[in-house]
Amino acid sequence: MNNTEKKLCVGIASHLTTMTTVIFVHGTGIREREYNDTFEIIEQKIHAQRPDIKVAPCLWGALGAKFNDNRASVPLEDATLALSQPEEDADIVLWGQLYRDPLYELRLLSLKPIKSGNAFGKKPRDILQSRVASLTPTSQLEAKLQEAGIAEVFEQAPEAVIRSEPYKRALLTVSESDLSEYYAPIARAFVAQAMFISEQQEKFPPILTDAQLRDKVVELLTLALTEAELGLGGWLLKPFVELAQYGGTNYVRGNRLELTDKISPMPGDILLYQTRGEKIRAFIQEQIEQAEPPVVLIAHSLGGIACVDLLVQQ
């Protein structure tokens with residue numbers, strides 16, 4: 001039994017009856033600012049019950065994934081297809097992501113600042129959720145879904161999207177001024193999810209290979225969502241929808257580097273741990289050995305996996 005195991009065993013055996021050190025090991029994608037905020041909350045909660053317990057940090061995120069050479073691997077505005085080429089090319093890039101992840105656009109929208117809304121009126125997020133929940137396909141949309149070959153699975157798609165965390169988080173960022181910008185991204189998510197479900201069921205409807213048909217379904221679906229809000233006819237709404245069609249992605253394009261910085265740590269940390277996890281485990285072990293025994297670990301997500309792996313390997 002090495003020093004790490006001895007300290008942890010002593011910590012368990014003591015049942016917190018002596019001066020215990022609690023080490024908080026964070027999860028995926030966390031860096032100093034987020035860690036400090038969470039650490040402060042944990043420390044306050046523990047000290048409210050047991051002021052004699054010492055709470056110690058374990059910020060392994062400093063070893064986590066990061067961009068080198070000033071984001072040299074991320075295309076900048078003068079070198080990226082999505083930003084510098086015509087709208088048709090941007091559409092290809094966007095759908096390339098949606099084919100892999102139907103919630104891609106909603107994940108990006110969820111990174112916008114959270115809006116508090118009007119405390120005395122109905123919040124924009126509630127309005128949007130109400131419109132989405134009450135969506136009723138028009139006869140024209142139903143016919144187009146049949147032509148696209150996704151009518152049978154389409155009912156499952158909105159249910160899957162609405163239940164997802166990216167959708168719920170995106171709702172929190174809606175404000176009155178940009179409410180209309182969310183309809184097209186939600187419509188694309190519904191359609192991409194329906195295509196994903198079809199492929200899972202080993203069905204290959206025409207929409208998978210017909211971009212014009214796909215875009216027509218999205219247009220009709222966006223109109224249906226917008227009509228639910230405004231109660232206006234499609235002929236009047238079409239110019240409005242065309243203005244909003246790419247509104248949801250404008251934020252993404254204008255903040256590409258900022259969003260990349262926010263998104264990349266989570267998958268990056270997972271890949272880093274799979275390839276070079278020993279550095280993270282060694283860091284956790286060092287924090288345990290430096291702490292005053294007995295030691296108890298509080299670990300979250302990938303931090304918990306690293307702690308278990310550390311103990312198993314030791």
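In what order do the three strands of the open sheet stand, and is the pairing parallel or antiparallel? The order is S2-S1-S3, and the pairing is parallel. This picture comes from a predicted model.

**Overall make-up**

The protein holds 17 helices and three strands. Of its 314 residues, 42% are buried. Take the contacts between residues at least 6 apart in sequence: 79% of them join residues at least 24 apart.

**The sheet**

S2 and S3 stand at the edges of the sheet. Each has a single partner strand, so one side of each is left without a neighbour in the sheet. Neighbouring strands are turned by 25° against each other on average, with direction ignored.

Strand S1 covers residues 21-25. How many of its five residues are buried? The count is five of five, and the strand is mostly covered. Side chains leave S1 in two directions: Thr21, Ile23 and Val25 point one way, while Val22 and Phe24 point the other way. Residues of both sets are buried.

S1 pairs with S2 (residues 54-58) in the parallel sense, over five bridges. S1 also pairs with S3 (residues 295-299), again parallel and over five bridges. Individual bridge partners are listed here.

| Residue in S1 | Partner strand | Bridge partner |
|---|---|---|
| Phe24 | S2 | Pro57 |
| Val25 | S2 | Cys58 |
| Val25 | S3 | Ala299 |

Val25 thus has a bridge partner in S2, Cys58, and one in S3, Ala299.

**Crossover and packing helices**

How does the chain get from S1 to S2? The path runs through helix H2, residues 32-49. This β-α-β crossover is right-handed.

H2 also packs on the sheet, where it touches S1, S2 and S3. The direction of H2 makes about 160° with that of S2. Helix H17 (residues 302-313) packs on the sheet as well. H17 touches S1 and S3, and its direction makes about 140° with that of S3.

**Cysteines**

A search of the whole structure finds zero disulfides. Cys58 is in no disulfide; the nearest cysteine sulfur is that of Cys307, 6.8 Å away. The cut-off for a disulfide is a sulfur pair within 2.5 Å. Cys307 is likewise in no disulfide, and its nearest cysteine sulfur is that of Cys58, at 6.8 Å.

Are these two cysteines buried or exposed? Cys58 is buried, with a relative accessible area of 1%. Cys307 also counts as buried, at 6% relative accessibility. Buried here means under 20% relative accessible area.

**Helix H6**

Helix H6 spans residues 124-133. Its buried residues are Pro124, Arg125, Leu128 and Val132. Why do they line one face of the helix? Seen down the axis of H6, the buried residues fall within an arc of 100°, so they line one face. The general rule is simple. An α-helix has 3.6 residues a turn, so residues three or four places apart point the same way.

**In brief**

The three strands form an open, parallel sheet. S1 pairs with S2 and with S3. H2 packs on this sheet, and so does H17.

Technical notes:
Residues numbered from 1 in each chain as written. Predicted model: local features only at pLDDT ≥ 70, side-chain atom pairs only at ≥ 80, totals over all residues. Heavy atoms only, no water. Buried < 20%, exposed > 50% of the residue type's maximum accessible area, 1.4 Å probe, protein only. Helix = DSSP H or I, 4+ residues; strand = E, 2+ residues; numbered from the N terminus. Pairing = 2+ DSSP bridges. Right-handed = clockwise from strand over helix to strand, strands pointing away. Arc of directions from axis to C-beta. Axes fitted to C-alpha atoms, helices over the stretch in contact; angles between N-to-C directions. Contact = heavy atoms within 4.5 Å.
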